[in-house]
Amino acid sequence: MEFLNKMFSKKKYKKLLKKINNLEKELKVHRQNVQDKLDCCEQNYLNVFSDLESHLEMFYQPKVNLNTGEILGAEALVRVLDFNGKYFNTQEFIEVIEREKLITVLDGCVLENVCGDMRMWRKNGLNLEIPIAVNASSKSFEDMKFPKLVQRILCSNEINPELIHLELTEYGG
C-alpha cells in the first residue's frame, strides 16, 4: 500500500483506501450470501432426496450360467414408487434425477442399499459370495468424491470390494 501513498495525494489515498475497505466488506457479505444460498439449496436437495429415498425399492436380477444353473452374480436394479404405489418409468426418473443434479446422491444411496442388503444377508447366514453389479451414472464416475464415497460404504458395511462391480448406466448422461 505504500506505493499507492506515493502515487496519490493523501486525500485521494484515503478515499481509495476507504473504497478498498468497503469493497472488501461487500465481498465478505456477498460470499456469505452465496454460501447461505448454497447451504439452502443443498438442504433442499437433501430434504427432497430423503423423501425420495423412502420410495426406492431394490431388486436383484440374477446372472445365471445357463449350462449349470449356477448363480454367478446379480445386478442391482432400483425402482421408484409414486405415492399411489405404482412404479415410475425408470429412464424418465433417472433423467429427472440427473437434471436436478441428484444422480451421484442416488448412485451412492443405491450402493449403500446393496451393501446393507449384503451385510444383512451375511448376518442372517446367507453367505452369498457372489458379485453384485451396481449401475452408476457417468456423472458419478466424473465426481472426484465418488471413489471415497464408495470406499466408505464398502468399509462401513464390511463388504469385499471384489463383490461389487460398478457399471456405467446404459442410459446415463
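The count of disulfides in this predicted model comes to zero, taking a disulfide as a pair of cysteine sulfur atoms within 2.5 Å. Two cysteines can be placed by their accessibility. Cysteine 115 is buried, with a relative accessible area of 0%. Cysteine 155, at 56% relative accessibility, counts as exposed, because the cut-off for that class is over 50%.

The sheet is a suitable place to continue. It is open and has four strands in the order β1-β2-β3-β4, with mixed pairing. β1 (56-64) and β4 (164-168) stand at the edges and have a single partner strand each, so one side of each is left without a neighbour in the sheet. On average, neighbouring strands of this sheet are turned by 30° against each other, direction ignored.

Strands of a sheet pair through backbone hydrogen bonds, and the sense may be parallel or antiparallel. Both senses are represented here, as the pairing is mixed. β1 pairs with β2 (residues 71-80) in the antiparallel sense over nine bridges. Within this pairing, leucine 56 has valine 80 of β2 as its bridge partner, and tyrosine 60 has alanine 76 of β2. The two strands form a hairpin with six residues between them. In the turn, glycine 69 has a positive phi of about 80°.

On to β3 (132-136). Its pairing with β2 is in the parallel sense and runs over three bridges. Here alanine 74 stands opposite isoleucine 132 in β3.

How many of the 10 residues of β2 are buried? Seven are, so β2 is largely enclosed by the rest of the structure. The threshold behind that count is a relative accessible area under 20%.

Helix α4 (residues 103-123) lies across β1, β2, β3 and β4. Its direction is at about 65° to β1. The helix has 21 residues and reaches 30 Å from its first C-alpha to its last. That span is close to the 30 Å expected at 1.5 Å a residue. After α4 comes glycine 125, whose phi is positive, near 90°.

Taken together, the elements described are an open four-stranded sheet and helix α4, which lies across β1, β2, β3 and β4. Within the sheet, β2 pairs with β1 in the antiparallel sense and with β3 in the parallel sense.

Notes. Residues are numbered from 1 along each chain as its sequence is written. This is a predicted model: local features need pLDDT of at least 70, side-chain atom pairs count only at pLDDT 80 or more; totals for chains, interfaces and linings use all residues. Side-chain values use heavy atoms; hydrogens and water are left out. Two strands pair if DSSP finds at least two bridges between them. Axes are lines fitted to C-alpha atoms, for helices over the stretch in contact, and angles run from 0 to 180 degrees between N-to-C directions. Contact means heavy atoms within 4.5 Å. Buried means under 20% relative accessible area, exposed over 50%, partly exposed in between (1.4 Å probe, protein chains only). The expected span of a helix is 1.5 Å times one less than its number of residues.
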